[in-house]
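Open the model in your viewer and keep the sequence panel visible. The stops below go from a single residue to a whole chain and then to the contact between chains.

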Amino acid sequence: MSAAVVVGLLAAGGTYLVLQRGVVRVALGFTLLGHAATTLLIAAGGADARGVPFAGAGPGAADPLPQAFALTAIVISLGLTAFLLALAFRSRDVHGSDDLETTEGER
Amino acid sequence: MLLPLAVAAPLVAAALLPLLGRRFGRDVALPAAAVLAAVAVGLGRRVPAVLDGATATWTRPWLPGTGVEAALRLDGLALLFALVVTVVGVLVMLYARWYFAADDPAAVRTVALLTLFAGAMLGVVLADDVILLFAAWELTSITSFFLIGGDGTKGASGARRALLVTALGGLALLGAAVLLAQAAGTTSLAGVLAAGPEVRAAGTATAAVALVVLAAATKSAQVPFQFWLPGAMVAPTPVSTYLHAATMVKAGVYLVLRLAPAFQGLAVWHGTLVLLGGTTAVLGAWVAVTRRDLKALMAYSTVSQLGLLVALVGLGTPLALGTAGLHVLAHALFKAALFMTVGVVDHATGTRDLDRLGGLGRALPGTAVAATLAAAGMAGVPPLLGFVTKEEALAAFLKGAGTYGAPAWTGDVGLALIVVASVGTVAYSLRFVLGTFAGPLRTPVHHRPGGGLEAPAVALAAASLVAGVLVGTLTPVLDLLGRDLGGGAPGVELKLWHGVTPLLLTTLGVLAAGLAVELGRGRLVGVLRAGRLPDGAAAFDATYDGTLRLGGRVRAISELHGLPAFLGPPLVVAVGLLLVGLVTVAPTGTPPDGQALDWVLVALLAIGVLGVTQSRSRIGAVAGLSLVGFLVAGWFVLHGAPDLALTQLLVEALTVALVVVVFRRLPDTFAAGARLRRGTAAAAAAALGLGLGGVTWLAVGRTGRSAVGDRYLARAEELTGGRNVVNTILVDFRALDTLGEIAVLAVAAAGIFALIRTPAERPLGPPRALPLDRGGDPRWRGSGGIEGPILRLMTELVAPVLLVVAGWLLWRGHQDVGGGFIGGLAAGAAAVLLYLSQGHERLWGSRWFRTLPLTGAGLGVALAHALSGPLTGGAFLPGGKLTVLGVTVARSLVFDVGVFVVVVGMVIGILRHLGQGLPEDEPAADRGGPDDRDPAGDAGVRA
C-alpha cells in the first residue's frame with residue numbers, strides 16, 4: 001500500500017509540473033516522474049523481501065533485476081534533466097525567457 | 001589474406017589520412033596513391049593464376065544466425081574491376097596532388113574520401129555474399145554523396161539527387177539480394193550463381209530481374225535516371241574522374257555482368273537490358289553532341305558508354321559479355337584521361353565552354369596529345385583499345401543472340417541502336433578535340449599546369465594506345481570472361497586487322513557519318529535542341545519539393561501550440577489505459593505488507609512534492625526537489641537497495657548543483673500560471689496519480705521475486721565472480737543494456753555541448769569574470785565560484801578524498817556497494833566542489849576536464865572491452881577474469897571503468913557548459929531587460 005501511495009504522489013506531482021509553462025518547471029516535473037518510475041520498478045520487486053541482494057543473501061533478499069534497471073534509469077534521468085536545463089539556458093539566451101509559449105511566435 | 005587486406009588497406013588509410021593531413025595538406029595524396037598501388041601490385045600478381053582459371057576466396061562468419069558471411073572472392077571479373085579501381089585510383093590520386101592548391105582545405109578531405117571510396121568499391125567487386133555486396137554498394141553511394149557535396153556550398157542539390165537516386169537503387173539491390181538468396185537457399189554470391197536454374201524457375205524471378213535492373217540503372221545512370229550524373233559534375237575533377245567516369249558508375253555494369261549467368265535465358269532479362277542500354281546509349285550520345293560545357297559533354301558521353309555496356313550484357317553471348325568486360329577497361333582508360341584533360345583545360349584557361357575555347361594545342365601540347373588519343377579511342381579509331389572493343393561490340397550484335405537465350409530480335413535492335421549512338425560518339429569526340437585544341441586561340445592560357453597535372457592523362461592515353469597495339473594479349477581475358485559469364489569461349493582472336501569485312505565497313509561507315517554530323521553540326525544542334533526531352537532533374541526536383549511540401553502541410557495540421565498541448569494527448573491516453581487497468585485487472589496473490597517506517601517517509605514525501613509544485617520561487621522549488629530526492633533515497637534503503645540509494649544521493653547532489661548553476665541565468669521567480677491552467681494541470685495530475693497508484697496497488701509486487709532475479713541471485717557469484725548481484729547485472733549479465741545507456745549519457749553531454757557552444761547564429765562567448773558586486777551580493781565571485789574560506793578549505797581537503805573514494809567505489813563495485821555509475825558520480829561531486837570553490841575558469845582552463853574527449857574515451861574503453869571478446873575468440877562483452885601484475889580482477893572491471901569515465905564526462909560537461917557566469921556586458925538575469933550582446937563577439941567553441 002505504501003508503495004502505491006509513493007508512486008501515485010510522485011506521478012501526480014510530476015504531471016502537474018510538466019503541464020506548467022517554462023522549461024525549468026518542466027524539467028523538475030520530469031525529475032519527479034523519473035522518481036515515480038524508479039519507485040514503481042522497485043515496487044515490482046515486491047515489498048516483502050527487503051534484504052540486500054548480494055550473492056548468498058538467502059530468501060529475504062530483494063529482487064536484483066528491478067534494482068539494476070532503476071540504477072541506470074536514475075543516472076539517465078540526470079542526463080535528461082541536464083539536457084532540458086541546457087534547453088532552458090539556451091532558450092533564455094536566444095529568446096530572453098525560458099517560457100516556451102511566449103517565445104514560440106518569435107521564431 | 002590478400003583479399004581482406006585489399007579491402008581493408010584503403011579503409012584504414014582513409015581513417016588515418018586526415019591525421020596526416022594537418023601537417024602535409026594535399027601531399028597526403030601521395031601515401032594514398034602508394035596504398036592503392038600496393039593493392040594493385042598485390043592483385044596484379046594474381047593475374048596469371050586467375051587467367052588459368054584459379055579463384056581465391058576468404059570467408060569469415062558475419063551474421064552466423066542468418067548464414068550471412070563476410071566472404072570475398074577473386075575471379076576474372078573481380079580482378080578486372082579491382083585492377084581498374086586501383087590503377088586508375090593511383091593516377092587520380094597523383095592528379096589530385098597537383099590539382100588542388102597547396103592551401104586548399106578540400107584537398108585532404110577529398111583524398112581521404114576517395115581512398116574510402118576505393119575501399120568500398122573493392123568491397124563491391126570482391127564481395128562473395130549478396131548482403132556484403134549490398135553493404136559495400138551503399139558505402140559507395142554515401143561516399144559519393146560527400147564527394148559531390150563537397151563542403152555543402154554549391155554541390156548540395158547535385159549531391160542530394162545522386163544520393164536519393166542511388167539510394168533507391170540500393171533498396172532495390174537489397175530486395176533483389178533477398179529474393180535471390182531465397183531462391184538459391186544461400187546468400188553466397190557463388191552459391192546464387194551456381195543455383196541458376198532454381199533462380200530462373202522461382203516465381204520471383206521476374207521481380208528479381210526488375211530489382212537488379214533498377215539497381216544497375218540508378219547506379220550506372222541509365223534512362224530515366226541518367227540526370228543525376230551530369231548533376232554530379234559540380235564535384236572537383238579528381239572526383240568526377242574517379243567516381244563518375246572510371247569506377248562507381250561501373251558498379252551497375254558490374255552487377256549485371258556478375259549476375260548474368262544467373263539470369264541467362266530469361267527473355268525479360270535480355271530484352272530489358274538491350275532496350276534500356278541501347279536507348280541510353282543513343283540518348284546520351286546525342287545529348288552530348290549538343291553540349292557546350294566540356295564536363296557536361298563528358299558526363300553525357302559516359303551515360304552513353306554505360307548504355308552500350310548494359311546493352312552488351314543484355315545480349316548475353318560469350319562474345320558480348322567478354323567484350324563488355326574489356327570495354328569497361330577501355331572506357332576507364334580513355335574516359336579518365338578525357339576528364340583529366342578537361343580539368344587541365346579548365347585549370348589553365350578558367351573555362352570549359354566550347355564557345356570560348358580553341359587553339360590550345362600549341363599551348364598545351366602534352367594534354368592535346370593525350371586528349372586526342374583518348375578521344376580517338378572513344379570514337380573507335382584504330383589502333384586504340386577503344387577501336388577493338390567497339391568493333392567487337394558491333395561484331396557481337398551482328399552475330400546476334402545465337403543459342404544463348406536472348407530473344408532473336410535483340411541482336412538487330414541492339415545493333416541499330418548502337419550504330420546510331422556510335423555516330424553521335426564520333427561526332428562529339430571530334431567536336432571535343434577540334435573545338436578545344438584546333439583553330440584560332442580564343443581564351444589564352446593564364447595558369448600553366450604543372451607536369452604532375454598533365455602526366456596522369458598522358459599515361460592513361462598511352463596505356464590505351466599500347467593496349468590497342470598489343471590487343472592480342474587480351475584474348476585470354478576475353479576467353480576467361482566469356483567462359484565465366486556466358487558459358488563458353490567466344491572463339492575470337494582479338495586483333496586490329498581482320499581484313500575487309502562487313503564489320504570494318506560498318507566501322508568506317510560510322511566514322512564517316514560521325515564526321516558528316518560534325519560538319520553539319522550547326523543546323524543539327526538546332527533540331528536536336530528543339531526536340532527537347534523531358535528534364536529528369538526537373539522532374540526529380542518537383543517530386544522532392546512536393547514531398548517536402550506535403551510533409552509541411554501534415555505538420556501544419558498536426559502542430560499544436562505549446563508544450564502542454566503536446567503532452568495532453570499522451571496524458572489522456574495514459575489515464576484512459578490506467579482506468580481500463582483499474583477496472584479489468586483482477587488482483588492475484590497477496591498485497592505486500594508495508595512497514596511502519598514507510599508511512600513516515602510517505603508523509604514527508606507529500607510535503608516535499610507539495611513544495612516543488614507550489615513554490616513560486618526557484619530556490620523553494622529546488623529545496624522541495626532535494627527533499628523528495630533524499631526521501632526517495634531513503635525509500636531505496638528501506639527496500640534493500642543500497643546501490644540505488646547511494647546513486648540517488650549523488651544524483652540529487654548533482655541535480656541541485658546543476659539547477660542552481662542554471663538558475664543564475666534565469667529569473668528568480670516563476671511566471672504565474674493562469675488559474676485555468678493550474679486547475680487543468682491539477683485535475684490531470686490527480687487523475688494520473690490516482691490511476692497509477694491504484695494500478696500499482698492492484699497489479700505490482702504481489703508475486704514475489706522474479707525467476708530471473710532468483711537465478712541471478714543463485715548463480716551470479718559462480719558465473720561472474722561478483723557478489724554484488726545488481727552490479728553483475730549491469731556489467732556482466734545485461735552489459736549490452738548498460739553500453740546503450742552510457743551511449744545515451746554521452747549523447748546527452750554532446751547535446752548540451754552542441755546547444756550551448758555551436759549554434760552559429762548566437763554562439764556563447766568564452767566565459768568572462770562576473771563583476772564582483774552582482775546585485776549587491778558579494779558571495780558571487782568570479783564566473784562561478786562562491787567565496788568562503790570554509791568552502792575553500794573543505795574543497796582542498798575533501799576533493800582529493802572524494803576522488804580516492806570514487807576510485808574505491810569503482811574498484812569494489814563487483815563485490816560490494818559501488819560500481820562505475822556510483823564511482824563516476826562521486827568523482828563528479830568532487831568536480832562540483834572544485835567548481836564551486838575555484839570558479840568556472842578552473843574547469844574551463846584545464847585540458848583534462850573536457851566533455852567530448854572524456855565521454856568519448858569512456859565509450860571507447862567500454863567498446864574496447866566489448867570487442868576484446870570477439871577478437872580473442874569469445875563473446876561480445878566478455879566475462880571472466882584478468883590477472884594483471886599478480887592481481888586478479890573481473891574482466892568486466894574494464895567495462896565499469898568506461899562507465900565511470902562517461903559519467904564523469906557528463907558531469908564535467910554540465911559544469912563546463914552550463915556553469916559559466918554571465919558576461920560583463922550582459923544585464924543580470926533577475927533585473928530583466930533585453931539581451932543585446934553582440935553575437936559576433938569572440939565566440940569560443942571548445943569541447
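Select Thr86(B) first; this residue sits in helix α4 of chain B, which spans residues 76-99. The coordinates are those of a predicted model. Is Thr86(B) buried or exposed? Thr86(B) has a relative accessibility of 0%, and because buried means under 20%, Thr86(B) counts as buried.

Now show what surrounds Thr86(B). Leaving aside residues up to four places away in sequence, Thr86(B) touches Leu36(B), Val39(B), Ala40(B) and Leu122(B). For the polar end of the side chain, draw a distance to the backbone oxygen of Leu83(B): the side chain of Thr86(B) reaches that atom at 3.3 Å.

Next, select chain A. Which secondary structure elements does chain A have? Chain A contains four helices and zero strands, and its pattern along the sequence reads α-α-α-α. Colour chain A by relative accessibility: of its 107 residues, 64% are buried. Turn on the surface of chain A, and the accessible part comes to about 3000 Å², with carbon and sulfur atoms holding 66% of that area. If you list the contacts within chain A that have a separation of 6 or more, 46% of them join residues 24 or more positions apart.

Keep chain A selected and add the residues of chain B that are in contact with chain A. How many residues does each chain bring? The selection gives 106 residues in chain B and 80 residues in chain A. Between the two chains about 8400 Å² is buried, and carbon and sulfur atoms supply 74% of that area. On the chain B side, label His639(B), Arg705(B) and Leu755(B), the residues that lose the most area to chain A; together they account for 7% of what that side buries.

Then look for charged pairs across the interface. The count between chain B and chain A is one salt bridge. To find a salt bridge, select Asp598(B) and Arg50(A), whose side chains meet at 2.8 Å, N to O. Polar contacts between the chains number ten residue pairs, counting pairs with both residues at pLDDT 80 or more.

Last, select residues 642-663 of chain B. This is helix α28, which gives the most to the side of chain B that touches chain A, with 13 residues. Colour that whole side by residue class, and its residues divide into 63 nonpolar, 24 polar and 19 charged.

Definitions and conventions:
Residues are numbered from 1 along each chain as its sequence is written. Chains are lettered from A and ligands numbered from 1 in the order in which they are written. This is a predicted model: local features need pLDDT of at least 70, side-chain atom pairs count only at pLDDT 80 or more; totals for chains, interfaces and linings use all residues. Side-chain values use heavy atoms; hydrogens and water are left out. Contact means heavy atoms within 4.5 Å. Buried area is the accessible area (1.4 Å probe) that two parts lose on being put together, summed over both. A salt bridge is a side-chain nitrogen of Lys or Arg within 4 Å of a carboxyl oxygen of Asp or Glu. A polar contact is a pair of N or O atoms within 3.5 Å; within protein, one must be able to donate a hydrogen and the other to accept it, and residues adjacent in sequence count only if both atoms are side-chain atoms. Helices (H or I, at least four residues) and strands (E, at least two) are DSSP runs, numbered from the N terminus. Ala, Val, Leu, Ile, Met, Phe, Trp, Tyr, Cys and Pro count as nonpolar, Asp, Glu, Lys and Arg as charged, and the others, Gly among them, as polar. Buried means under 20% relative accessible area, exposed over 50%, partly exposed in between (1.4 Å probe, protein chains only). Accessible areas come from the Shrake-Rupley method with a 1.4 Å probe; for residues, only the protein chains shown count as cover.
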